[in-house]
Amino acid sequence: MIATGIDLGGTKIEVQLFGDDWAVAHRHRVPTPSDYGDLVTSIAEQIRWADEIAGRYVPVGVGAAGLLHPVTGLALTANLPASGKPFQRDIEAAIGRPITYVNDCRAMALSEAVFGVGQGRRTVVALILGTGIGGGIAVDGTILQGPTMTGGEFGHTAAPAHLVAKYNLPIVTCGCGRPGCTETYIAGPGMSRLAKALTGEDIDPPQIAARRTGDMAQVWTVWCEMAAELLHTLTMMVDPDLIVLGGGLSQIDGVVDDLTAAAARTQIGDFGTAKLVLAQGGDTSGARGAAYAAWQAEGSQDG
């Protein structure tokens, strides 16, 4: 066994122990506690379980939604009872050794770059289209991480003003506290918000997708235009070899083709666009990425 990865979500904690070939050798899943102290205790228990199976201490990576402040170390989490808490430090205190804490979207970017559809590509961007919008950038098999630790929060870039004005869309305050974030239009709730603004109907994304060739055609077109603007921004800023799509909205049939076409219309002149593909790793991608990040970190410390 060479590393442990933990996929920490709002409803479950899954620990995965990886062998030399980076396949999952052992896995264990428990519900996510709603109390902070119980959450830290449960994660520590899962790490001890993995250590016992491995027969020794192995690098541990925790992949979870949210951010850790680079100065204070305090967590900002929407779906975990850890906001305002020194989450990583408390886990480390509970097990008596360091861990690697990775945003789950960044972990997916790393996993797909090293083991998934991004193998052999130098720069891979992951874009999660789900209840929220997030992602990450992996360059040469390493997460691109800066001093603010917010790189990858693509959903909190500003929405395109020309489309907001063209379709007379409402400007709402995002969960991050800023008004007019891209996430408020292209995440799952944002797609429903578009439908309400354009048709007056309260409808969820699966229904919109099912009716996108009928009475929801405009909603789908506008959503693709809004999402394509984000793809355009990522291409202009990073010019990646590949953009890997994950999250619930990425599973809509035909979304890669429709977004590819919309991105081509958004691009400058006849220049190319970044290739869009679906993530390969499924629900194991985040844990594997976190484990690999921990394995990388231990290697750099040893060196």
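The following conversation goes through a predicted model and asks what lies behind some of the terms used for it.

Visitor: What makes β3-β2-β1-β4-β7 an open sheet, and which strands stand at its edges?

Guide: The 5 strands form an open sheet in that order, with mixed pairing, and the edge strands are β3 (24–31) and β7, each of which pairs on one side only. From one strand to the next the twist averages 20 degrees.

Visitor: How do you know that β2 and β3 are paired, and in which direction do they run?

Guide: Two strands pair if at least two bridges are found between them, and 7 bridges join strand β2 (residues 12–18) to β3, so the pair meets that criterion, with the strands running antiparallel. An example is E14, whose bridge partner in β3 is R29. On this sheet packs helix α1 (residues 36–54), which touches β1, β2, β3 and β4 and whose direction makes about 20 degrees with that of β2.

Visitor: What makes the pairing of this sheet mixed?

Guide: While β2 and β3 run antiparallel, strand β1 (residues 3–8) is joined to β4 by 5 bridges and runs parallel to it, with T4 having V60 as its bridge partner in β4. Parallel pairing is also found between β4 and strand β7 (residues 100–103), which are joined by 4 bridges, and here V62 stands opposite Y101 in β7.

Visitor: Why is strand β4 called largely enclosed?

Guide: A residue is buried if its relative accessible area is under 20%, and 5 of the 5 residues of β4 (residues 60–64) are buried, so the strand is largely enclosed by the rest of the structure. V60, V62 and A64 point one way, whereas G61 and G63 point the other way, and all are buried. In a regular strand the side chains alternate between the two faces of the sheet.

Visitor: What makes β10 and β12 edge strands in the other sheet?

Guide: That open sheet, also of 5 strands, has the order β10-β9-β8-β11-β12 and mixed pairing. Both β10 (142–143) and β12 (275–278) have a single partner strand, so one side of each is left without a neighbour in the sheet.

Visitor: How do you know that β10 is paired with β9?

Guide: The criterion asks for at least two bridges, and 2 bridges join strand β9 (residues 133–139) to β10, so the pair qualifies, running antiparallel. In one of these strands, β10, I143 is the bridge partner of A138.

Visitor: Which helices lie across these strands, and at what angles do they run?

Guide: Helix α3 (residues 104–114) lies across β8 (123–129), β9, β10 and β11 (242–246), at about 40 degrees to β9. Helix α9 (residues 255–266) lies across β8, β11 and β12, and runs at about 165 degrees to β12.

Visitor: Why is F271 called exposed?

Guide: Exposed stands for a relative accessible area over 50%, and F271 has 62%, so the term applies. F271 is found in the loop between α9 and β12, and together with M236, M237 and I268 it forms a nonpolar patch on the surface, with about 490 Å² of accessible area together.

Visitor: Why is A217 called partly exposed?

Guide: The relative accessibility of A217 is 29%, which lies between the 20% limit for buried and the 50% limit for exposed, so A217 counts as partly exposed. A217 is found in helix α8 (residues 217–238), and, leaving aside its neighbours within four places in sequence, it is in contact with R211 and R212.

Notes. Residues numbered from 1 in each chain as written. Predicted model: local features only at pLDDT ≥ 70, side-chain atom pairs only at ≥ 80, totals over all residues. Heavy atoms only, no water. Contact = heavy atoms within 4.5 Å. Axes fitted to C-alpha atoms, helices over the stretch in contact; angles between N-to-C directions. Buried < 20%, exposed > 50% of the residue type's maximum accessible area, 1.4 Å probe, protein only. Patch = residues over 30% accessible without salt bridge, like charges linked within 9 Å, V, L, I, M, F, W, Y side chains within 5 Å. Areas by Shrake-Rupley, 256 points an atom, 1.4 Å probe, with all protein chains shown as cover. Salt bridge = Lys/Arg side-chain N within 4 Å of Asp/Glu carboxyl O.
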